[in-house]
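I opened a new notebook page for this one. These are my entries, in the order I looked things up.

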Amino acid sequence: MSETNRQWLLAERPDGRPTEDCFELVEREVPEPGPREVLVRTRYMSVDPYMRGRMRDAESYAEPWDVGEAMHAGVVGEVVESNSPHWEEGDVVNGNLRWADYAVADEDALVPVDPDRAPISTALGVLGMPGRTAYFGLLDVGEPKPGDTVVVSGAAGAVGSVVGQIARHAGCRVVGIAGAEEKVRWLTDELGFDEAIDYRETEDVRGALAEACPDGIDVYYDNVGGPITDAAFANLAVRARVVVCGQISLYNAEERPTGPRKLGELITKRARVEGVLVRDYVERYEEANERLARWVADDVVRYRETVTDGLENAPDAFLGLFDGVNIGKQVVRVTAPEN
């Protein structure tokens, strides 16, 4: 085992879009686990858009990091030392740990990962938080019915791609919105979306949605906010359900733009808008895990991962989320240095 432990700290709070100056890579000694703790070596680490909120000094659904504090992420790793009767050396686990080669975790802060069920990285994506967010957000909040038209923004991301496939499995017509020709092809050719719109190459997204959804949008799963959501609101069907999952187009805005008011659309369409936080469903995680694993095994749900190698490149992987460079789940593959 290495004698040093690299870890990333929040060096400064971003002013607008984060830059590499917001991150600091330091080396420390590998920590030692205390009573009922384990030492975990990171194998894969997640980067997610919600982390931008943790870089602010402001109230959010995720507690902000302090400047100088180690950053945290969803991690899949291997137990290399255990002071817990629940975990043995070699166990593969998942937990919210540091952006680091090694991290100490309380025995109750980890869940097991079965390497025989799927590649272990999927515990950060389709079989992890993003997959569960898609599952509960669509089925519990969106309440799709056979024949509904479901529109998904950020459709080629970790959450959106799963949302669209579950909607198709539920008998819905699915339209995805994404930001590249390659993503559009992936959605329609491989994932079975009925249509997909490349918003970067479409001058009139509102008109494109009207053409793709002639009877209106019954369920809009919103991962992005901003002008794309404005265009979707203009095409809602009567009794539509809007699931607000993410607002990545606004995460780097220092002042939230107000823009034209869209709530009037909810009156004429008698539509419902509801936010979704996956942690509200923690008691039902196993339900989602089992169904998602079965759907993956049966090829009902397919997934894709964009893998960045090296802990040292974690900030680049995170910053790339705001350029939309990833298709599917963005993960960092970590290999601790050998001394």
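**Terms first.** Before placing anything in a loop, I note that helices and strands here are DSSP runs, numbered from the N terminus, with at least four residues for a helix and at least two for a strand. I also remind myself that this is a predicted model.

**E107.** I looked up where E107 sits, and I found it in the loop between strand 6 (102–106) and strand 7 (111–112). Is E107 buried or exposed? Buried means under 20% relative accessible area, and E107 comes out at 7%, so I put it down as buried.

Next I checked which side chains E107 pairs with. One polar contact, of 2.5 Å, goes to the side chain of R36. Another, of 2.6 Å, goes to the side chain of S84. Leaving out residues up to four places away in sequence, I listed R36, E37, S84, P85, H86 and W87 as what E107 touches.

**Whole chain.** I stepped back and counted nine helices and 15 strands in the chain. The radius of gyration is 20 Å, close to the 20 Å the globule rule gives for 339 residues, so I can call the chain as compact as a globular protein of that length. Along its principal axes, the C-alpha trace spans about 60 × 45 × 35 Å.

How much of the chain is buried? I got 53% of the 339 residues. I then took the contacts between residues at least 6 apart in sequence, and 69% of these join residues at least 24 apart. The accessible surface adds up to about 15600 Å², and carbon and sulfur atoms hold 44% of that. For charges, I have 36 positive and 62 negative, with their mean positions 7 Å apart.

**Helix 3.** I picked out helix 3 (residues 160–169), which is mostly covered, with eight of its ten residues buried. My list of the buried ones reads G160, S161, V162, V163, G164, Q165, I166 and A167. What covers them? The cover includes helix 2 (129–142), helix 4 (181–190) and helix 8 (285–297), and on the strand side strand 8 (149–153), strand 9 (173–178) and strand 11 (217–222). After helix 3 comes G171, and I noted its positive phi, near 90 degrees.

**Positive phi without glycine.** I then looked at two residues that have a positive phi although they are not glycines. E143 has a phi of about 50 degrees and lies in the loop between helix 2 and strand 8. With 42% relative accessibility, E143 counts as partly exposed.

R239 has a phi of about 65 degrees. I found R239 in strand 12 (residues 236–244), and its relative accessible area of 54% makes it exposed.

**A11.** My last stop was A11, in the loop between strand 1 (4–10) and strand 2 (23–29). A11 is partly exposed, at 28% relative accessibility. Which residues does A11 touch, not counting those up to four places away in sequence? I wrote down D21, C22, F23, E24 and V67. I also took the distance from A11 to C245: they are 234 residues apart in sequence and 28 Å apart in space, C-alpha to C-alpha.

Conventions:
Residues are numbered from 1 along each chain as its sequence is written. This is a predicted model: local features need pLDDT of at least 70, side-chain atom pairs count only at pLDDT 80 or more; totals for chains, interfaces and linings use all residues. Side-chain values use heavy atoms; hydrogens and water are left out. The radius of gyration is taken over C-alpha atoms; the globule rule is 2.2 Å times the number of residues to the power 0.38. Buried means under 20% relative accessible area, exposed over 50%, partly exposed in between (1.4 Å probe, protein chains only). Contact means heavy atoms within 4.5 Å. Accessible areas come from the Shrake-Rupley method with a 1.4 Å probe; for residues, only the protein chains shown count as cover. Lys and Arg count as positive and Asp and Glu as negative; His and the chain ends are not counted. The place of a charge is taken as NZ of Lys, CZ of Arg, CG of Asp or CD of Glu. A polar contact is a pair of N or O atoms within 3.5 Å; within protein, one must be able to donate a hydrogen and the other to accept it, and residues adjacent in sequence count only if both atoms are side-chain atoms.
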